[in-house]
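Please open the model in your viewer and keep the sequence panel beside it, so that each selection can be followed in both places.

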Amino acid sequence: YLSGEQSPVGETTARAATAGELVSAGSLVPDFDTTKLRLVTLPVERHHLPVDLQRGESVDVYVVERGVSGEPIRDPRLVLAGATVAEVDDGDSRFGGSSLELGVALSVDAVDVEKLVAAEATGTITLVRVPGNDA
């Protein structure tokens, strides 16, 4: 773990860290290229994400593809595992949309943007919280 004298400021970790969490030196990613990250905002229905979802948490992104009249046409499928939540709309309509949807911005690798956008265009997005490392 990092000692009290070692500052993690300016370093990048392999996963999101929460306030007060111990950070192991091995979890720091050397020479992480932030230019490969993109923020993708997805409209997510209120009952398709954890109620208390917070910035910095990891989520798995699932989609249920829907037909023209809204009926499911396939089983749910995993679109992206372990995306980091960058922001959750607090319901003040900043992201637009109806009161039934929230905008959730995910920080993802640039190569994953297309599959997220395609999934949102074809069906209903569901975000599933990935439990943190409590070790």
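Begin with the whole chain selected and coloured by burial: of its 135 residues, 26% are buried, meaning that their relative accessible area is under 20%. Keep in mind during the tour that this is a predicted model. With the surface switched on, the chain exposes about 8,700 Å², and carbon and sulfur atoms supply 53% of that area.

Next, change to a cartoon view, in which the chain shows one helix and five strands. If you trace the cartoon along the sequence, the elements follow the pattern β-β-β-β-α-β, with the helix placed between the fourth and the fifth strand.

Now select the strands together, and ask in what order they lie in the sheet. They form an open sheet of five strands in the order β1-β4-β3-β2-β5, and the pairing is antiparallel. Selecting residues 37–45 and then 123–130 picks out the edge strands, β1 and β5, each of which pairs on one side only. Looking across this sheet, you can follow how neighbouring strands are turned against each other by 45° on average, with direction ignored.

From there, move to the pair made by β2, residues 58–65, and β3, residues 77–88, which run antiparallel to each other and are joined over five bridges. To see one bridge in detail, select Ser58 together with Thr84 in β3, which is its bridge partner.

Finally, return to the whole chain and display the contacts between residues at least 6 apart in sequence: 63% of these contacts join residues at least 24 apart.

Notes
Residues numbered from 1 in each chain as written. Predicted model: local features only at pLDDT ≥ 70, side-chain atom pairs only at ≥ 80, totals over all residues. Heavy atoms only, no water. Helix = DSSP H or I, 4+ residues; strand = E, 2+ residues; numbered from the N terminus. Buried < 20%, exposed > 50% of the residue type's maximum accessible area, 1.4 Å probe, protein only. Contact = heavy atoms within 4.5 Å. Areas by Shrake-Rupley, 256 points an atom, 1.4 Å probe, with all protein chains shown as cover. Pairing = 2+ DSSP bridges. Axes fitted to C-alpha atoms, helices over the stretch in contact; angles between N-to-C directions.
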